[in-house]
Every structure is written in C-alpha cells, then in structure tokens.
Amino acid sequence: MSTAFLFPGQGSQFIGMGQELATSFSEAKEVFQEVDEALNQNLSKLMFEGDEADLRLTENTQPALMAVSIAALRVLLKQGGKPLNERAQFTAGHSLGEFTAYTGTGVFSLSQGAKLLKLRGQAMQTAVPQGLGAMAALI
C-alpha cells in the first residue's frame, strides 16, 4: 500500500487557522515566523485574528494556506520521528497545494515557497480585479 500527502488549494482558509498549532508546537511557530520574515508581513497575525476579507485576498490566502500545511506537516513529521520520504511515497496538491508539496519535499525552501505564492497570488489578483469574478470551493 502506498501513502500520499495531499495539500489543499484556495478556499479552505479561515480566520484562526494554524493558531492552535503555533501555540502548541514550536515547529509550527517557527514555520509561521519564517513565512512572516520572508514576506516582510505579519501574515500569521492576519491568519490568527485578522479580517476575513483581507485573508481572502489571493495574495494572502495562498502563502497562508501553504504555511498552515507546512506547519502541520512539520509537526506530524517531528511527532512521528520519521522523515517525509519514509512516511509517504507521493505528495500532491490542488492548485497552490502543488507549491506546498514542492515546499514540503524540499524542492523550494519555506521562504522561497512563501515568496512564490505571494507573487502568484498578486498576479492572479491583477488578472481578475476585485469584484469582477468569483471563486468557489466545492466540499
């Protein structure tokens, strides 16, 4: 039997995501701090207690979701005591989740992944100005 880690795309964000991880596990807190530093932005504060409209901006949502996923992954790997390549044979993601999979496997560093997703989110926002389109998440 094979194991895969699958990472979500945009649409699963919510205010408060990752906060419990950050307060409970140093590995998670370090992820959020590194992302904040890489982006020169207090993204974790926005994620934990910010305005939902600001979090829904694609330029914020994409690095935020990647940060939460990587934080959860690092906690899981630390608690389980095994590296990712011993836990899973595959990683994949939907849309921005693909970048999370790349970051989780070390193709990109955490700061590179955060910066790429910030840039990707800004490009997507520019392509479709606020209020001229919609995105839906099917659950």
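Modeller: Contact in this discussion means heavy atoms within 4.5 Å. The model is predicted, so local features need pLDDT of at least 70 and side-chain atom pairs count only at pLDDT 80 or more, while totals for chains, interfaces and linings use all residues. Residues are numbered from 1 along each chain as its sequence is written, and side-chain values use heavy atoms, with hydrogens and water left out.

Colleague: Which residues does T103 touch by that rule?

Modeller: Not counting residues up to four places away in sequence, T103 touches M66, I70, F108, S109, L110 and G113. T103 sits in helix α7, residues 96-104.

Colleague: What makes a stretch a helix or a strand?

Modeller: Both are DSSP runs, numbered from the N terminus: a helix is H or I over at least four residues, a strand is E over at least two. The protein has eight helices and two strands, in the order β-α-α-α-α-α-α-β-α-α along the sequence.

Colleague: Why is T103 called buried?

Modeller: Buried means under 20% relative accessible area, exposed over 50%, and partly exposed in between, with a 1.4 Å probe and protein chains only. T103 has 6%, and therefore counts as buried. In α7, L96, G97, F99, T100, A101 and T103 are buried. The buried residues of α7 pack against β1 (4-7), α5 (58-80), β2 and α8 (110-127). Just after α7, G106 takes a positive phi of about 90 degrees.

Colleague: What makes L55 buried?

Modeller: L55 has 0% relative accessibility, so L55 is on the buried side of the cut-off. L55 is found in helix α4, residues 52-56. Leaving aside neighbours within four places in sequence, the contacts of L55 include F14, L46, M47 and A64. L55 and F14 are 41 residues apart along the chain, yet their C-alpha atoms are separated by 7.6 Å.

Colleague: Why is A92 called partly exposed?

Modeller: The relative accessible area of A92 is 33%, so A92 falls between the two cut-offs. A92 lies in strand β2, residues 90-93. Outside four places in sequence, A92 is in contact with F5, L6, F7, G97 and A101. The C-alpha atoms of A92 and P8, 84 residues apart along the chain, are 9.1 Å from each other.

Colleague: How do you know that F99 and F108 are stacked?

Modeller: Rings of Phe, Tyr and Trp (its six-membered ring) pair if their centres lie within 6.5 Å; planes under 30 degrees apart count as stacked, over 60 as edge-to-face and the rest as tilted. By this rule the count comes to three aromatic pairs. The rings of F99 and F108 have centres 6.3 Å apart and planes at 20 degrees, so they pair and are stacked.

Colleague: What makes the pair of Y102 and F108 edge-to-face?

Modeller: For Y102 and F108, the centres are 5.5 Å apart and the planes stand at 80 degrees. F99, Y102 and F108 form one aromatic cluster. Both F99 and F108 are buried, whereas Y102 is partly exposed because its relative accessibility is 33%.

Colleague: What is notable about the phi of N40?

Modeller: Most residues other than glycine have a negative phi. N40 is not a glycine, but its phi is positive, about 55 degrees. N40 lies in the loop between α2 (26-39) and α3 (43-49), and with a relative accessible area of 73% it counts as exposed. S95 also has a positive phi, near 55 degrees, in a residue other than glycine. S95 is in the loop between β2 and α7, and at 34% relative accessibility S95 is partly exposed.

Colleague: How do you know that the size of the protein agrees with a compact globule?

Modeller: The radius of gyration is taken over C-alpha atoms, and the globule rule is 2.2 Å times the number of residues to the power 0.38. With 139 residues, the rule gives a value near 14 Å; the protein has 15 Å, which agrees. The C-alpha atoms fill a box of roughly 45 × 30 × 30 Å along the principal axes.

Colleague: What percentage of the residues is buried?

Modeller: Buried residues make up 40% of the 139 residues. Among contacts between residues at least 6 apart in sequence, 75% join residues at least 24 apart.
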